[in-house]
Amino acid sequence: MIDLRLYRFALLAVPVAGVIAMFSLQSVPAPLSGGVPPDAFDPATAAPLAKQLAETAAYPTPGSAADNAMAEQVKQQFSGIDGATVAEQRFGGSFHGHGVELRNLIATLPGESNRQIALIAPRDVAQGSGAVTTAAATAAMLQIADSFSGSSHHKTLVFVSTDGSSIGALGAKRFIRDYSDAGLLDAAIVLSQPAVKEPTAPLVIPWSTGPQSTASQLNDTANTIVSKEVATPAGDEGPVSDLFRLALPAGLGDQGPLVKAGLPAVRLSSDGELPIEPGEDTPDNFDTDTFARFGRASLALILALDATSGEVQHGPGGYIGLAGNLLPGWTIAMLALSLLLPVALGAGAGLASSARSPIEAAHGFLWAGLRTVPFIGALLILLAAAVVGLLPGPDFPFDPRDESLGLGGTISVVVAILAYCAIAFFLRPLRPPPARAVRSAPAATVLLACAAALGVWVVNPYLGLLVAIGLQAWLFAATRPGAWPAMAGLVLLGLLPLVALTANLAGRFDAGFGVWHDLLLMLADGQIGASLAFLGCVLAGGGVAIVALGGRSARPTPDDRIKGEISVRRQTPPLEEELEPREDELPEEEGPDPDAPQDPAQPEPERDPRLWSKPRGWISPPPGSFRATPWPPVA
């Protein structure tokens, strides 16, 4: 039986952790301001260049001839910038199953300081002509780079034309990995799809592909500048969405791997986080006004970063925006632990009091652990399919609307489901615990779920917080097992935080119920780690075990004593001759006196159902004695 008194006492740690978190709030650093207005960006020159790139290098898929043609034009423009040093990074990739040769082009303009600022523009697209997206971004970057030709600036400026952006941001990953002066970079600005007719928030994308946050001062500065230049709020999703993005990192765009690598970065986009629809990426949809606004915003952000002598203020490594302040990530981890502690203590104390021996406790853990086996079996099938290439694993970040499971992925999922059903058929996971585990099973199940939640917390404390919130409902379900529908309802209630997390991802990916396809692709790629998936299987098995507790029989085991039971033992009855008096010794029966008053009829007193009926010759045992079986009769 789970100790709810200890659980309630340990819950006092939650408000204590909440108070500490409130006193740990940090103020947001003031946004930077540029020293000069960004009038140097000339849309009259940049817009024709963008249209020229869209015509001469239309549909620049990764490694294609159009991609290489645009790369040559970028290299020529970089070489014409006074004082610029041009370099290349060559690497390989895979596009639609075919190997391709890719290259980044880098132009460096030395400044007074060796600290650096990078402006990055993707050059390739998976679908579409690139007129509104990569051609426009490349033209804006070239115009900004040319505006610094022969001019003085405080920091060194780095302009990067990346390749392989549409196939997992390979160019950005290679740049941050192989760039020799990566440690000198103060910030990176990624410019993507800057020429959509009607800008759609979010216009500034700071999110990472890992559980890290970008520099808060850079993010706030970019929001301020873009909102001013575009005359549209850049967009702020709120603390709950911030928590979800840290709990399941899935930032799309080239800024994602940069932030994960520790470089403060943001992406400026006129059409939100998702890539633009291919049918809208045409020269006819190129909007000069939006293009000019985002070009000026990019230049203004560079000037603001160049005007400060030091690095941008980062704030906590991971944080959540709350009421105009920053809530550090370590306070989120502390809150998660404060919620896990009461559940673990209550279940641990319950296991210690209910299990008569370590062997009985082990039986409870074994019964609960077997419920995880079907899930682990299905997971192993999926991981094996990803290793052999049957389940596709596109490099993340990918375009959710462009990637699918395909035939191989569908076969892998079907085989995994069949494997789960086959294992479940033999293990019968909804079967209630056996007699040897019936006492320890509830507490052992909760402790197993707590151990898995602690593992999740170690991998990602933000996701651990969501799991810890759900375990509160599971604890009450295991405390007083009832009918299985009620148990299933409590288990589903505990899953609501994870359901909300998945729904948030589905909204960001515009995937709806098909978001499980994206989750499988993220698992195959490694964006969702195998260790995290294994811990998820353990949690799923714990949920099934709690539902199975609802089928537990209320009949006690033979060794259990029922509260209030009165035990007796049978004594040797006397011989029949001594019990039956002789016929001549029977007293004479006297009839009732007719003159005596008649007593009113009294109801028969109600018998205590706990008392055993005792035949003639049986006696009650002395106090404190107990015997489960009666004495054998004398022959």
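Biologist: How do the residues of the lining of the largest cavity divide into nonpolar, polar and charged?

Modeller: This is a predicted model, and in it the lining splits into 13 nonpolar, eight polar and six charged residues.

Biologist: What makes it a cavity?

Modeller: A 1.4 Å probe fits in there but cannot get out, so the space counts as a cavity. With a threshold of 30 Å³ or more, the count comes to one cavity. The largest cavity holds about 470 Å³ of space. It is lined by 27 residues, and D124, S165, S166, Q193 and P275 are the closest to its centre. The elements that give two or more residues to this lining are α5 and β6 (185-192).

Biologist: And the largest pocket: how do its lining residues divide?

Modeller: Into 30 nonpolar, five polar and no charged. Its volume is about 1400 Å³. Among its 35 lining residues, L519, A533, G536, C537 and A540 lie nearest the centre. Two or more residues come from each of α13 (373-388), α14 (406-427), α16 (461-479), α17 (484-494), α18, α19 and α20 (530-549).

Biologist: Which element gives the largest share of that lining?

Modeller: That's α20, with seven residues.

Biologist: Let's turn to charges. Why is the contact between K75 and E88 called a salt bridge?

Modeller: The cut-off is a side-chain nitrogen of Lys or Arg within 4 Å of a carboxyl oxygen of Asp or Glu. K75 and E88 come to 3.0 Å, N to O, so the pair passes. K75 sits in helix α4 (residues 65-79) and E88 in strand β2 (residues 85-95), so the bridge ties together parts that are 13 residues apart in sequence.

Biologist: Are K75 and E88 buried, exposed or in between?

Modeller: Buried means under 20% and exposed means over 50%. K75 has 32% relative accessibility, so it counts as partly exposed. E88 has 28%, so it gets that label too.

Biologist: What about R123 and D163: how do you know that they form a salt bridge?

Modeller: Their side chains meet at 3.1 Å, N to O, which is within 4 Å, so the pair counts. It links distant parts of the chain, 40 residues apart: R123 is in the loop between β4 (116-122) and α5 (134-147), and D163 is in the loop between β5 (156-162) and α6 (170-178).

Biologist: Why is R123 called buried?

Modeller: Its relative accessible area is 0%, under the 20% limit, so R123 is buried. D163 is also at 0%, so the conclusion is buried again.

Biologist: Where do E229 and R296 lie?

Modeller: They meet in a salt bridge of 3.3 Å, N to O. E229 is in helix α7 (residues 216-230) and R296 in helix α10 (residues 288-307), so parts 67 residues apart in sequence are tied together. Here the labels split: E229, at 15%, falls under 20% and is buried, whereas R296, at 24%, is partly exposed.

Biologist: Which residues do shared salt-bridge partners join into one network?

Modeller: E72, K75, E88, R90 and R103. The whole structure holds 17 salt bridges.

Biologist: How many aromatic pairs are there?

Modeller: Seven. F286 and F291 form one of them, and that pair is tilted.

Biologist: Why is it called tilted?

Modeller: The ring centres are 5.3 Å apart, within 6.5 Å, so it is a pair. The planes make 50°, neither under 30 nor over 60 degrees, so the pair is tilted. Both F286 and F291 are buried, and F41 joins them in one aromatic cluster.

Biologist: In the sheet with the order β1-β10-β9, which strands stand at the edges?

Modeller: That sheet is open, with three strands and antiparallel pairing. Its edges are β1 (26-27) and β9 (319-322); each has a single partner strand, so one side of each is left without a neighbour in the sheet.

Biologist: How do you know that β1 and β10 pair?

Modeller: At least two bridges are needed, and β1 and β10 (residues 325-328) have two, so they pair. Across that pairing, S27 stands opposite N325 in β10.

Key: Residues are numbered from 1 along each chain as its sequence is written. This is a predicted model: local features need pLDDT of at least 70, side-chain atom pairs count only at pLDDT 80 or more; totals for chains, interfaces and linings use all residues. Side-chain values use heavy atoms; hydrogens and water are left out. Helices (H or I, at least four residues) and strands (E, at least two) are DSSP runs, numbered from the N terminus. Buried means under 20% relative accessible area, exposed over 50%, partly exposed in between (1.4 Å probe, protein chains only). On a 1 Å grid over the protein atoms alone, a cavity is a set of points where a 1.4 Å probe fits but cannot get out, and a pocket is an open set with protein on both sides within 12 Å along at least five of seven lines; lining residues have an atom within 4 Å of a point. Grid points are joined across faces, edges and corners, and a volume is the space filled by probe spheres set on the points. Ala, Val, Leu, Ile, Met, Phe, Trp, Tyr, Cys and Pro count as nonpolar, Asp, Glu, Lys and Arg as charged, and the others, Gly among them, as polar. Rings of Phe, Tyr and Trp (its six-membered ring) pair if their centres lie within 6.5 Å; planes under 30 degrees apart count as stacked, over 60 as edge-to-face and the rest as tilted.
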